[in-house]
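Dear colleague,

I am passing on to you the structure shown below, together with a short account of what was found in it. I would be grateful if you could read the notes with the structure open beside them.

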Amino acid sequence: MKFIVSSTYLLKQLQVLGGVINNSNTLPILDNFLFELKASTLTVSASDLETTMLSVLEVESDSEGQVAIPAKLLLETLKTFPEQPLTFVVESNNTIEISSNHGKYALAYASAEEFPKTIALDQPSQTVIPSEILATAINKTIFAAGNDDLRPVMSGVFFQFSTEALTFVATDAHKLVKYSRTDVQASETAEFIMPKKPLNLLKGILASSDENVTIEYNESNAKFSFDNSVLICRLIDGKYPNYEAVIPKENPNQLTIGRTPFLNSVRRVSIFSNKTTHQIRLKIAGAELNISAEDVDYSNKAEERLTCDYQGDDMQIGFNSRFLTEMLSNINADDVQLEMSLPNRAGILTPVDGLDEGEHVTMLVMPVMLNS
């Protein structure tokens, strides 16, 4: 088995695949990339058993074969090369030899037979999404997903496909984000929960792609195919909570304000908040929003006033400043609207502008009880 490939081209593909590999694997074979060569087509795979990703590369070769090469060693070696062709040759003494312009490097390889087989999906349903829309949907929701191992369904992003729209939801019970697109539809209704790790991998790659992504899915697995890459992952098993039930429908108190001044003010004031609760207080009366925080233990406090457009009764409501900051940072709009009903009911944050046709974002943040 022998092939020639550009060093930077190979490195770029392998760095993406390297994101799949865990720092500590139960199976030693998972510390390797699987190289499968058929004439001038080289398929490289990486897996952690839950997620498998493969890239197809064009190389110069007329041979075939397969080997598992240590990922860390190969990546560290490739990072040091300037752009040049590298020749890979599998030797009879269980090593693969890499030849560059300046030298030769031998790596011990493992048998490809030990590498886990890629899962084939039985009778999957299929939906095609432009990569830019999928990348945006992941970006807008993934930060709100939970990290609680006891509630695995909330540690992923809920994909809800219908013939009217595609909806993506994430929540950790303190905050919730619902992102939907009515300009893209699926051919049939489906829903599944995607784990965070494969979504983070996709987010990184799709940002630079302008192709369509084909998503195939069944009860237990999903497969994303685009450009020369395929990602297959196991879905989170379980039923997603009824998120529509927690979104308050009647919100008579509506605050509209510039996103950037509001975000900056929340960031500044929160420095003076209690370090465990991160609580800030919003007091709204007329066209004035008063943002304050206090850390009684250290006698620290801060207060700022902003002008806003407000319709509703005067009210005071408390929020965790970290959640509010995260949400405001993930909205691309000049102005935002915060809708509220009562100080103990969730507030709804939506962008006023900056949305594409058919794009809808709803963010929900739970209040914290104010100590009066």
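Phe35 of strand β2 has Val44 as its bridge partner in β3. Please bear in mind throughout that this is a predicted model. The pairing to which these two residues belong is antiparallel and consists of 5 bridges between β2 and strand β3, the latter spanning residues 41–47. The two strands form a hairpin with 2 residues between them, and in this hairpin Ala39 adopts a positive phi near 55°.

Strand β2 also pairs with β5 (residues 64–70), again in the antiparallel sense, over 7 bridges. Here Phe33 has Ile69 of β5 as its bridge partner. As for burial, β2 (residues 32–38) is mostly covered, with 5 of its 7 residues buried.

Strand β3 in turn is joined to β4 (residues 51–58) by 7 bridges, and these two strands run antiparallel. In this pairing Thr41 stands opposite Glu58 of β4.

These strands belong to an open sheet of 8 strands with antiparallel pairing, in the order β5-β2-β3-β4-β16-β15-β14-β9. The edge positions are taken by β5 and β9 (125–130); each has a single partner strand, so one side of each is left without a neighbour in the sheet. On average, and with direction ignored, neighbouring strands of this sheet are turned by 15° against each other.

At the β9 end of the order, helix α3 (residues 131–141) deserves a look. Helix α3 lies across β9, β14 (212–217) and β15 (221–226), and runs at about 90° to β9.

A second helix to examine is α5, which covers residues 259–270. From first C-alpha to last, its 12 residues reach 16 Å, close to the 16 Å expected at 1.5 Å a residue. Which residues of α5 are buried? They are Arg259, Phe262, Leu263, Ser265, Val266, Val269 and Ser270. Viewed down the axis of α5, these buried residues fall within an arc of 165°, so they line one face of the helix. What do the buried residues of α5 pack against? Their partners are the strands β17 (253–258), β18 (279–285), β19 (288–295), β20 (300–307) and β23 (335–340), together with helix α6 (321–329).

With kind regards

Notes:
Residues are numbered from 1 along each chain as its sequence is written. This is a predicted model: local features need pLDDT of at least 70, side-chain atom pairs count only at pLDDT 80 or more; totals for chains, interfaces and linings use all residues. Side-chain values use heavy atoms; hydrogens and water are left out. Buried means under 20% relative accessible area, exposed over 50%, partly exposed in between (1.4 Å probe, protein chains only). Helices (H or I, at least four residues) and strands (E, at least two) are DSSP runs, numbered from the N terminus. Two strands pair if DSSP finds at least two bridges between them. The expected span of a helix is 1.5 Å times one less than its number of residues. The arc is that of the directions from the helix axis to the C-beta atoms. Contact means heavy atoms within 4.5 Å. Axes are lines fitted to C-alpha atoms, for helices over the stretch in contact, and angles run from 0 to 180 degrees between N-to-C directions.
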